[in-house]
Each structure stands twice: as structure tokens, then as C-alpha cells.
Amino acid sequence: MARLAALPRLPLIMAAAFSVAVIVALLLWGAGTQWSVLYRDLPASEGGEIVAQLEQTGVPYRLSNEGATVEVPKEDVYRLRLALAQQGLPSQGGSGFELMDTQAFGISQFTEHVNYQRALSGELSRTIASLEPVSSARVHLALPEDSVFVRERRPATASVVVELKGGQQLKARQIQAIQHLVAGSVQGLASEDITVVDQDGNPLSRPAGDALNLDGSALEYAQALERSYQSRINALLTPLVGRDNFRAEVSAQLDFSHAEETEEHYTPNQQPGSAAVRSEQLNNTGAGEMLGIGGVPGALSNTPPGIAASPINADDAANADGSTQTDDAASGLSNYQRSSTINYEVNKRVRHTRARLGRLDNLSVAVVINHRRSMDSDGNPISEPLADDQLAQIDSLVREAMGFNAERGDSLSVINAPFMTAEQQNAGPPQQWWEKWLNNPEMQALAIELGRYLIIGFIAWLLYRKLLRPLLQPLLRPQEAYQTIGQPPGTQAAGSAAGGIAGMESGLATANGELGSMMASQAAPASGPRTPTTYQQNLKDARDMARDDPRMVAMILKNWMSHHE
């Protein structure tokens, strides 16, 4: 172990191995599998079935979000979705009527009723989830038991929770369609007893009797009416000025309020001859004999006259008291009374008026017409405004097309203005090259790939700069040193040309011999003449090196010693 620790190349080998491992890991990360979401927010039961199918087919996967999200390789997402959908995974809204196919023999009536309710809820959930804005749905049914007593009967109710797709909303008519769909599928369930809620807890259905409960057709009717008037105006102006040389917009103000009115009109008294007789009554009253036939037909008129007096008694009575007869006759003539009552029909007119929904209050129309294009004397295209009489004609045509009514409060505005050309519309602030590059999806994908490899290259350079280079420098300096300490110029050239381990060993041997001779010359300086100037210079360089960097010289000696061992 001490021998391994004394090797100077061991840290270098370990650093190189670590650097290679890091670079390989980065390359694998750059070219690794790109994961994409297959399904998210899965229940535990459905997630287990999907994972079992993936393991059976041998497709790699990974789980996230506590197992509720399943991720697979990006290139296999759509293929796996189609394959799993063919097997009914994931199930939309729970089990349907297939739940009734797996019932055990001899189950209780309560269990059968619960299974039927579950199956009906699952079928309704699947049907609602098939709508375009709906991602998934759940239906909860509250079906009370039937009772023979009317007072104990309770209505059925239901709740629908829909999860909408991103950025989409349900229209009022679609919400009513869901309510009617559920109500039509459950016996005894009214659409007013169904509550619809979205995934955020916002109530989508309105209670019955709500003043703002419009069926959604009001806005559609207004838009259809505006499009009708706009199409009329377009049909008139297109052959006159061209399809792209005008724009027309119509705004219709409609009244959707409910109003009912009842009126009764009585005319003044009419002439008796022209009025219709409703009833007539005649009354005759008398105390004596009636002088003639008359009166209202009936019992009083048909009464026989009284008993006449005998002539003898009449004469005696007349002789005895004449004044009495006169008085009776006079009183019989004066006591009769006659009255007449006539009732005429009263001339009355009753009118009941119910205001029509969507009554048009007023119309507002705006028309803008482009300038007329022509050529100048040099043949260059120019635009000229329309003449006043042409604008007046267009104004008159539009008024007739829209049914202009000043009393109703309609308004019309016709303006002549130059339109911007396609070049002017597309011409904006000049876009820089880097903006075009950033807005290009292909360049963005290429930049991401290049960014990965740049990161790998930067980390590799950082490992070399901070880890490998400091370990290589002490090994490179001794080679330079003992190529400088006493090697002749020819030997240095040969060593540099040969390179490798052989050149290094020959340099070490030469350096050892020269170091021995150098020490012998220092021990006996007076014996013999001195060597050439190159030797003195090399010796001076060795001393300077030992004084400036003694640690490097110690490493050189240690290397020589280990080499000789």
C-alpha cells in the first residue's frame, strides 16, 4: 500500500478516471430518454392496471406525483394511449352497465339497486365526458325509495361535477343540455333538481325562478339578427365597391323584458236609435177598472173585469148618491200608473297585449369605404376619395337595406377613408435576426441540443483546468529539468524526437552520470582543467532551480530513486 501511495501517477490516474466518468454521465444525460406524461391524476386502481399493462408489453415507465402520474418515452406516448384506450383504460367516469354482467347469483335486492345506481351514474358520466369542452365528469344520483303514500314521496335529485379542458367553458345551452340529459335518463328526476358544478367549485346551473336564468338563445338571437342585417349590406356594397374595399358593422339593441298589458275602453252614451237594447221593462199600476186593453202581457193584463151591478141597484145607487159614482169613475181613471225601463248595452273594448321577447329597439350601423384606386398621369397608382354624390347614394342604399327608422332611434354612419395595404399591415418595427432565430421552433430545438453539449464541454474543460492540469504539472516539470541539467544538445534533440518512456529513461541515465561527475568535480576542484562553459551554465541553472523550487528538486530525486529501485 505504501508502494502505491508513493507512485506519483496515482492521483493523476484517479483524477482522469473521475473526469471520464463525469463526461460519460453527461453524455448519457444529453442523449438520454426524454419522458412525456402518459396520464396524470389517475386513481390508484386505474394506475395499477395501466402499470401492469406497461410491464406486460415491456415499455419503460416512471411514476411521479405520488404514483398519480405515469410517464413513458416521448416517442411512445400516442401509440400507448391508443393501445390502452382499446382495452378501456383509463375508464371514463367509472363502470357502466357492464357492472350488471358480473353480478353474483342470489344477491340481495339492496345490492342490486346500488349496482344499478352505480351503473347508471357511470353511463351518464361517460356520456357527459364525451362533450367537447368536458375532460371528465362524475354524476351523483339521489334516488329515494318509492312510497305508496303521496305525502311521503320525495323527488329525486342529482349532482354533476365536470372537469373542463384548459381554456374552455360551457355555454348556458350546454349546461341546460346536461341537465335535460340527466333528467331524461332518470325516472322522476326534474331538470330543476340537477346541480352542475365545475372542477373549481363554481356553480354552473342556476336555480329555478332566477331572474337572470336565460337559456343562452338571447345572445345568439341578437348575433344572428346582426349578421342578417350585415349580410344585406354586404350584398349591396360588394358589386359597387368590391369585397375588400368596405367594412360594415351592425349593432342591434334588443329588449328581452317580459311585459303584459290589459286595457278597457268605454265609449260615450250613444243615441237611442243606434244603441243596442239589452232589456226593457213596463209597469202598469191601477186601483179601478182598466179602460181598454193594454199593458204588459201577463197575468195582470189577462184578469177578467169585476162583477157589474144590477140595473135596479144601479139606478137607486145613482139617485141616492151621484157624487159617489163620479168620484169612483174619476178615481178609477186617475189611479193608473205606467212606467217603462230600457237598458242599453255599454260599448266597451278590452285589449290584452303581451310584448314579444327580443323586440328590436334600435339599430346602429357603421360603414367605412376605401378610397378609389386610380392611376396618375405617370402611371403610378394613387387613391382618391369618393365623390359626395356617390357617398349619398351608398348612404341611401344602406338605409333601405337596414330598414332605417328615425322614430325608433336608428343611426347610420358612412365614412370614406383609405385602407392600409397588406404591406403596410405587415410592416412593423424591423425584426432583428436574433428575434427571428428565437421565434423559430426548429432553431429553438437546435439551441437546446447545442446547449446540452456546450454544458458537457464546459464541465470537461473545468475538470481539466481545476483537477487534471494541477496534477500533470509536477510530472511535466521534472522531464524538462533533467532534459536541461547536463544533457548535451544532441541528446536533448534525440530525447525530444524519440519521446515516450524510452527517452525519459535515457535522460535519467545521462542526468545520473552527469550528476556524479558534477559532484566529483566539486570534491576535487584543483585536479585537472575545468569543463566547457556549458557545464558551468548547467550547474548554475541546477543551483538556481534548487534555490527557487526545492520541492521540485526533491521530487526529481525521489523519482530517480524510485526508478533505480
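Student: Which residue's side chain meets E71 in a salt bridge, and how far apart are the N and O atoms?

Tutor: Keep in mind that we're looking at a predicted model here. A salt bridge needs a side-chain nitrogen of Lys or Arg within 4 Å of a carboxyl oxygen of Asp or Glu. E71 can offer the oxygen, so look for the nitrogen partner within that cut-off. The side chain that meets E71 is that of R62, at 2.6 Å, N to O.

Student: Is E71 buried or exposed?

Tutor: Under 20% relative accessible area counts as buried. E71 has 13% relative accessibility, so E71 falls in that class. Its partner R62 sits at 41%, which makes R62 partly exposed. For E71, then, the word is buried.

Student: What about R79, which residue does R79 meet in a salt bridge?

Tutor: R79 has 47% relative accessibility, so R79 counts as partly exposed. The partner has a relative accessible area of 17% and is therefore buried. The closest approach here is 3.6 Å, N to O, and the residue at the other end is D76.

Student: How many salt bridges does a search of the whole structure find?

Tutor: We've already met E71 with R62, and R79 with D76. Another one joins K540 and D544, with the closest N and O atoms 3.2 Å apart. Searching the whole structure gives a count of 13.

Student: Which helix holds both K540 and D544?

Tutor: An α-helix has 3.6 residues a turn, so residues three or four places apart point the same way. K540 and D544 are four residues apart, about one turn of the helix. K540 is also partly exposed, because its relative accessibility is 46%. Both residues lie in residues 533-548, which is helix α16.

Student: Where does D255 lie, and is D255 buried or exposed?

Tutor: D255 has a relative accessible area of 19%, and buried means under 20%, so D255 is buried. Leaving aside neighbours within four places in sequence, D255 is in contact with R356, L357, G358, R359 and D361. As for its place in the chain, D255 lies in strand β7.

Student: Let's switch to helices. What length does α3 reach from its first C-alpha to its last?

Tutor: Helix α3 runs over residues 44-57, which gives 14 residues. At 1.5 Å a residue, the expected span is 20 Å. The model comes close to that, reaching 20 Å.

Student: Within what arc do the buried residues of α3 fall?

Tutor: The buried residues in α3 are E46, G47, I50, V51 and L54. Seen down the axis of α3, they line one face of the helix, because they fall within an arc of 135 degrees.

Student: Which exposed residues sit on the face of α3 turned away from its buried side?

Tutor: First, the buried side has its cover: this includes β1 (35-39), β2 (62-64), β3 (69-73) and α4 (77-86). Now turn to the face pointing away from the buried side. The exposed residues there are A44, S45, E55 and Q56.

Student: Which residue follows α3, and what is its phi near?

Tutor: Go just past the end of α3, which covers residues 44-57. The residue there is G58, with a positive phi near 80 degrees.

Student: What covers the buried residues of α5?

Tutor: Helix α5 spans residues 109-129 and reaches 30 Å from its first C-alpha to its last, close to the expected 30 Å. Its buried residues include N115, L120, L124 and I128. Among the elements covering the buried residues are β4 (134-142), β5 (156-164) and α6 (172-185).

Student: How many aromatic pairs are there, and why is the one with Y221 and F256 called edge-to-face?

Tutor: The whole-structure search finds two aromatic pairs. In this one, the ring centres are 6.5 Å apart and the planes stand at 80 degrees. Planes over 60 degrees apart count as edge-to-face, so the 80 degrees between Y221 and F256 settles the label: edge-to-face.

Student: Where does each ring of that pair sit in the chain?

Tutor: Y221 is partly exposed, because its relative accessibility is 36%, and F256 is partly exposed too, with 31%. They are 35 residues apart, so to speak of distant parts of the chain is fair. Y221 is in helix α7 (residues 217-241), and F256 is in the loop between β7 (246-255) and β8 (260-266).

Notes:
Residues numbered from 1 in each chain as written. Predicted model: local features only at pLDDT ≥ 70, side-chain atom pairs only at ≥ 80, totals over all residues. Heavy atoms only, no water. Helix = DSSP H or I, 4+ residues; strand = E, 2+ residues; numbered from the N terminus. Expected span 1.5 Å × (residues − 1). Buried < 20%, exposed > 50% of the residue type's maximum accessible area, 1.4 Å probe, protein only. Arc of directions from axis to C-beta. Contact = heavy atoms within 4.5 Å. Phe/Tyr/Trp six-rings, centres within 6.5 Å; stacked < 30°, edge-to-face > 60°.
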